[in-house]
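I open the notebook on a new structure. I go through strand pairing, cores, ring contacts and confidence in turn.

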Amino acid sequence: MPSSDSFLRQLSSKEGWKSASKRWGGGGGGGWKQVEGLCGGENGMFVMKKRVMVVVDQSSHSKHAMMWALTHVTNKGDILTLLHIVSHSTKNSDNYSSSSSHYLATSLGSLCKASKPEVEVEALVIQGPKMATVMSQVKKLEVSVLVLGQKKPSPLLNCLCFKSSTEEFVEQCINNLECLTIGVRKQSKTVGGYLISTRWHKNFWLLA
């Protein structure tokens with residue numbers, strides 16, 4: 001069974017990491033700071049940084065994708081952006097930035113920072129249509145890798161040859177976004193590992 005490292009090396013050779021000259025990241029103490037530049041010096045060597053984005057919500061499959069991205073995709077000095085999208089139809093939308101949505105994004109960001117301190121973490125809460133928001137933020141922030149959580153398909157929908165809204169959203173992102181987009185679904189405890197979907201792979205099993 002291929003390791004996650006070798007699998008990601010295969011993907012990065014097909015679609016290289018993108019870069020940018022200016023980044024925004026979460027600073028210490030919960031503040032915000034502007035991160036200038038693209039490369040960081042380490043032992044006299046220049047290390048390329050990348051931005052990894054994960055679309056998060058309150059679901060378990062979203063959290064699994066977030067932790068997979070943190071442990072399998074990000075490296076020291078990279079930026080992990082957690083994007084939480086609030087629908088226009090959400091009640092009390094005028095207060096969404098200080099509501100449970102903001103708390104969710106902040107708590108997930110704190111979890112990531114505690115789990116891997118060497119990675120820069122930021123949490124964004126944005127109101128708008130899901131697909132359009134993801135597309136605009138991927139372009140605006142020049143995201144290198146987008147990671148999306150997937151849940152187990154409904155047997156009923158499979159029998160009817162229908163796809164859930166989550167499946168359709170992930171497929172749209174994989175097929176239409178320019179950055180490397182990865183759908184991640186955690187397997188059951190008895191099976192273990194993850195099922196990974198990209199533009200080149202469909203439900204590729206990673207044991208790690």
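**Entry 1: strand pairing.** I looked up E5 and E8 and found them paired in the parallel sense over three bridges. Val52 stands opposite Val145 in E8. The model is predicted, and I read it as such.

I then took the other side of E8. E8 and E9 also pair in the parallel sense, over five bridges. Here Gly149 stands opposite Val184 in E9.

Next came E5 and E6. They run parallel and are joined by five bridges. Val55 stands opposite Leu83 in E6.

E6 and E7 pair too, in the parallel sense over eight bridges. I noted that Thr81 has Glu122 in E7 as its bridge partner.

For the wider count, I find six helices and 11 strands in the protein chain.

**Entry 2: cover on the strands.** How many residues of E6 are buried? Eight of its eight residues are, and I call E6 mostly covered. I checked the two faces separately. Ile79, Thr81, Leu83 and Ile85 lie on one side, Leu80, Leu82, His84 and Val86 on the other, and all are buried. In a regular strand the side chains alternate between the two faces of the sheet.

E8 is likewise mostly covered, with five of its five residues buried. Val145, Val147 and Gly149 point one way from E8, while Leu146 and Leu148 point the other way.

For strand E7 (residues 120-127) I get six of eight residues buried, so E7 is largely enclosed by the rest of the structure.

Over the 208 residues of the protein chain, buried residues make up 45%.

**Entry 3: cores.** I asked which residues touch the most other members of the largest nonpolar core. They are Val54, Trp68, Leu80, Leu82, Val147 and Val184, out of 24 residues in that core. Strands E5 (51-55), E6 (79-86), E8 (145-149), E9 (180-186) and E10 each supply at least two residues, as do H2 and helix H3 (100-115). H2 gives the largest share, five residues.

There is also a second, separate core of 18 residues. Leu141, Leu146, Cys173 and Cys179 are among its members. In soluble globular proteins, nonpolar side chains tend to be buried together.

**Entry 4: Leu82.** I picked Leu82, which is found in strand E6. Its relative accessible area is 0%, so Leu82 counts as buried. I set aside neighbours within four places in sequence and listed its contacts. They include Val54, Val56 and Met66. Ala105, Leu108, Gly109 and Cys112 are also on the list, and so are Glu122, Ala123 and Leu124.

I also computed one distance to Val147. The C-alpha atoms of Leu82 and Val147 are separated by 9.9 Å, with the two positions 65 residues apart along the chain counted as their separation.

**Entry 5: Gln150.** Where is Gln150? I place Gln150 in the loop between E8 and helix H5 (155-159). Buried or exposed? Gln150 is buried, because its relative accessible area is 13% and the cut-off for buried is under 20%. Beyond neighbours within four places in sequence, Gln150 is in contact with His61, Val170, Gly183, Val184, Arg185 and Ser197.

**Entry 6: rings.** I searched the whole structure for aromatic pairs and found one. The ring centres of Trp68 and Tyr194 are 6.5 Å apart and their planes are at 55°, so the pair is tilted. The pair links distant parts of the chain. Trp68 is in helix H2 (residues 60-72) and Tyr194 is in strand E10 (residues 194-197), 126 residues apart. Both Trp68 and Tyr194 are buried.

I noted one charge over a ring as well. The charged end of Lys130 sits over the ring of Phe169, 4.3 Å from its centre.

**Entry 7: contacts and confidence.** Of the contacts in the protein chain with a separation of 6 or more, 65% are between residues 24 or more positions apart.

The protein chain averages a pLDDT of 75, and 64% of the residues score at least 70. Where is confidence lowest and where highest? Strand E2 (residues 32-36) has the lowest mean, 34, and E5 has the highest, 97. Over residues 6-42 the pLDDT is below 50. This stretch still has 86 contacts in the model beyond near neighbours in sequence. Where pLDDT is low, the predicted coordinates should not be read in detail.

Definitions and conventions. Residues numbered from 1 in each chain as written. Predicted model: local features only at pLDDT ≥ 70, side-chain atom pairs only at ≥ 80, totals over all residues. Heavy atoms only, no water. Phe/Tyr/Trp six-rings, centres within 6.5 Å; stacked < 30°, edge-to-face > 60°. Helix = DSSP H or I, 4+ residues; strand = E, 2+ residues; numbered from the N terminus. Buried < 20%, exposed > 50% of the residue type's maximum accessible area, 1.4 Å probe, protein only. Lys NZ or Arg CZ within 6 Å of the ring centre and 35° of its normal. Core = buried A, V, L, I, M, F, W, Y, C linked by side-chain atoms within 4.5 Å. pLDDT = per-residue confidence, 0-100. Contact = heavy atoms within 4.5 Å. Pairing = 2+ DSSP bridges.
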